[in-house]
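This briefing covers one protein chain, from its overall layout to a few local features. The topics are fold order, dimensions, one helix, a surface patch and a loop residue.

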Amino acid sequence: MKRYTVSLVRERLSEALDEAEKGVPVIIERKGVRYRLAVDKPASARKARQPQVEILDPAVADGQWTWNWTPGGLKFRAKRRT
């Protein structure tokens, strides 16, 4: 266990934070009142999202398509080869 006074922890804050991060209990005293320095672990990372659209056509998956605007909406067509 590490003990610091308030004046000492002002000088050595990074040291106190490193000790607490390592799991060593850190106590800071001020006028007879003890404070415990604790580390909160970050929340677990979120899972990667699953795609909302499933691509069934291999030509679409390979990017071999485009679309045209028409009065009825979008129409897919194959890309021209260059």
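From the N terminus on, the elements of the protein chain follow the order β-α-α-β-β-α-β-β. That comes to three helices and five strands. The model is a predicted one.

**Overall dimensions and exposure**

- The radius of gyration of the protein chain is 30 Å, whereas a compact globule of 82 residues would have one near 12 Å.
- The C-alpha trace spans about 80 × 25 × 25 Å along its principal axes.
- Of the 82 residues in the protein chain, 10% are buried.
- The protein chain exposes about 8,000 Å², and carbon and sulfur atoms supply 52% of that area.
- When contacts between residues at least 6 apart in sequence are considered, 18% of them join residues at least 24 apart.

**Helix α2**

- Helix α2 covers residues 13–22, and its buried residues are A16, E19 and A20.
- These three lie on the same side of α2, because the arc they cover around the axis is only 100°.
- The general background is that an α-helix has 3.6 residues a turn, so residues three or four places apart point the same way.
- The packing partners of the buried residues of α2 are β1 (2–5), α1 (6–11), β2 (26–30) and β3.
- On the face of α2 turned away from its buried side, the exposed residues are S14, E21 and K22.
- G23 comes just after α2 and takes a positive phi of about 100°.

**Nonpolar surface patch**

- Four residues, W67, W69, L74 and F76, form a nonpolar patch on the surface.
- Together they have about 550 Å² of accessible area.
- Strands β4 (65–70) and β5 (73–78) each supply at least two residues of this patch.
- Within the patch, L74 has its place in strand β5.
- The relative accessible area of L74 is 42%, so L74 counts as partly exposed, a class that lies between the cut-offs of 20% and 50%.

**Loop residue A38**

- A38 sits in the loop between β3 (33–37) and α3 (58–61).
- Is A38 buried or exposed? A38 counts as exposed because its relative accessibility is 60%, and the cut-off for that class is over 50%.
- A38 and D18 are 20 residues apart along the chain, and their C-alpha atoms are separated by 11 Å.
- D18 falls within the residue range of helix α2, 13–22.

Conventions:
Residues numbered from 1 in each chain as written. Predicted model: local features only at pLDDT ≥ 70, side-chain atom pairs only at ≥ 80, totals over all residues. Heavy atoms only, no water. Helix = DSSP H or I, 4+ residues; strand = E, 2+ residues; numbered from the N terminus. Buried < 20%, exposed > 50% of the residue type's maximum accessible area, 1.4 Å probe, protein only. Patch = residues over 30% accessible without salt bridge, like charges linked within 9 Å, V, L, I, M, F, W, Y side chains within 5 Å. Areas by Shrake-Rupley, 256 points an atom, 1.4 Å probe, with all protein chains shown as cover. Salt bridge = Lys/Arg side-chain N within 4 Å of Asp/Glu carboxyl O. Rg over C-alpha atoms; globule rule 2.2 N^0.38 Å. Contact = heavy atoms within 4.5 Å. Arc of directions from axis to C-beta.
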